[in-house]
Amino acid sequence: MAYRGLPYLVAASAGCARADAAAPPAPRRPFLQRLAGIGPAPHARRRNPGGAAGAGAENASQGEPEGTPAVLPATSGRDARATPRLSDVEPRKLLVGVLALLCIAAASALAGVGLARVALDAVDAARSPFATNAQAVNQSTPQSAWRKGTAPQLYQTDSQWADRPYGAGTIGAFGAAPTCLAMAHIALTGDVTVGPVEAASYSQNSGFAQQEDATALLTEGAAGLGLAAAPVEADEMSLRSEINRGRPVICATAPGTFDEDTSYIVLCSIDAYGRLVICDPVSSERTEEHWAFEDILGVSVGLWSYTLA
């Protein structure tokens, strides 16, 4: 008797063979697991876009076999986020960088030296013994404080007499010599009736104001105010001797030092440190400063001491 199921078995066997040929053979389980019906636990596929699994998944999606390993780009074996090492830098680039830094440092040093010199020059100019603030307001010693034995601080630019006519202009512009003569006269006599206005008027009326050089007023002209003038040698010993005798000294200064033109100051006394105390009719700032002998003698073009005639 023919078995009806035989064609079915043959057909089923052929279908299984074709399926087995299309799919890879499944791994065989151990005998005990097959008996117990227990299979190996499936492993979850990890998603790693940047790693080998991600590359394998991408290959699988492109039709490559699932078991094909991903091909990674060649690297140096170091993490890209790691700190660069000196050995990674090209020697030529390193040398260029060092030279650039040295050039920048040298340029900065030269610029710093230049700026320092400019600053020091400005400070030296500000500290110059002849520097003064032209805008300073000069306040003379009040007439009530004029005393014999001390030369008052009188300024030709004082508003009390600055606009009075003198010579080719005013006392404020050209009255240094008569103002100094008034200070010397007050120090020797204590006479408060002869100030810058009276000394300038005397000089104007006597014809001395029209002369460019005030030497005539300060020497022979002093007699008209009751004073005797004597020249002083331009050395420290002679100058000290006259001042220590209580004789005020008028000093003519070279142009460009105390003024643009020849100007005049009174050397009044010597302080406890051996410096000169002066009265400058142009600047209260210079008057308040005490001076070394060499500073004054270095710019002097004439010295006269005064006594009562």
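Here is a short chat about the sheet, the pocket and a few contacts in this predicted model.

Visitor: What should I know about the model before we start?
Guide: Residues are numbered from 1 along each chain as its sequence is written. Local features need pLDDT of at least 70, side-chain atom pairs count only at pLDDT 80 or more, totals for chains, interfaces and linings use all residues, and side-chain values use heavy atoms, with hydrogens and water left out.

Visitor: In what order do the five strands of the open sheet sit?
Guide: Strands here are DSSP runs of E with at least two residues, helices are H or I runs of at least four, and both are numbered from the N terminus. Two strands pair if DSSP finds at least two bridges between them. The pairing in this open sheet is antiparallel, and the order is 3-7-4-5-6.

Visitor: Which are the edge strands?
Guide: Look for the ones that pair on one side only. Those are strand 3 (227-231) and strand 6 (276-279).

Visitor: Which residue of strand 7 stands opposite Ala230?
Guide: Strand 3 and strand 7 (residues 300-308) run antiparallel, joined by five bridges. Opposite Ala230 you'll find Ser305.

Visitor: At about what angle does helix 9 run to strand 5?
Guide: Axes are lines fitted to C-alpha atoms, for helices over the stretch in contact (heavy atoms within 4.5 Å). Angles run from 0 to 180 degrees between N-to-C directions. Helix 6 (residues 176-189) runs at about 25 degrees to strand 5. For helix 9 (residues 236-244), the angle to strand 5 is about 70 degrees.

Visitor: Which element gives the most to the lining of the largest pocket?
Guide: A pocket is an open set of points on a 1 Å grid over the protein atoms alone, where a 1.4 Å probe fits, with protein on both sides within 12 Å along at least five of seven lines; lining residues have an atom within 4 Å of a point. The largest has a volume of about 510 Å³. Among its 24 lining residues, Phe174, Gln211, Glu212, Thr262 and Tyr264 are the closest to the centre. The top contributor, with three residues, is helix 6.

Visitor: Which side chain meets Arg240 in a salt bridge?
Guide: A salt bridge puts a side-chain nitrogen of Lys or Arg within 4 Å of a carboxyl oxygen of Asp or Glu. The partner lies four residues away in helix 9, about one turn of the helix. At 2.8 Å, N to O, that partner is Glu236.

Visitor: How far apart in space are Thr141 and Leu154?
Guide: Thr141 is in the loop between helix 4 (91-127) and strand 1 (165-166). Thr141 touches Leu154, 13 residues apart in sequence. C-alpha to C-alpha, the distance is 6.2 Å.

Notes
Points joined across faces, edges and corners; volume = space filled by probe spheres on them. Lists of a residue's contacts leave out its neighbours within four places in sequence.
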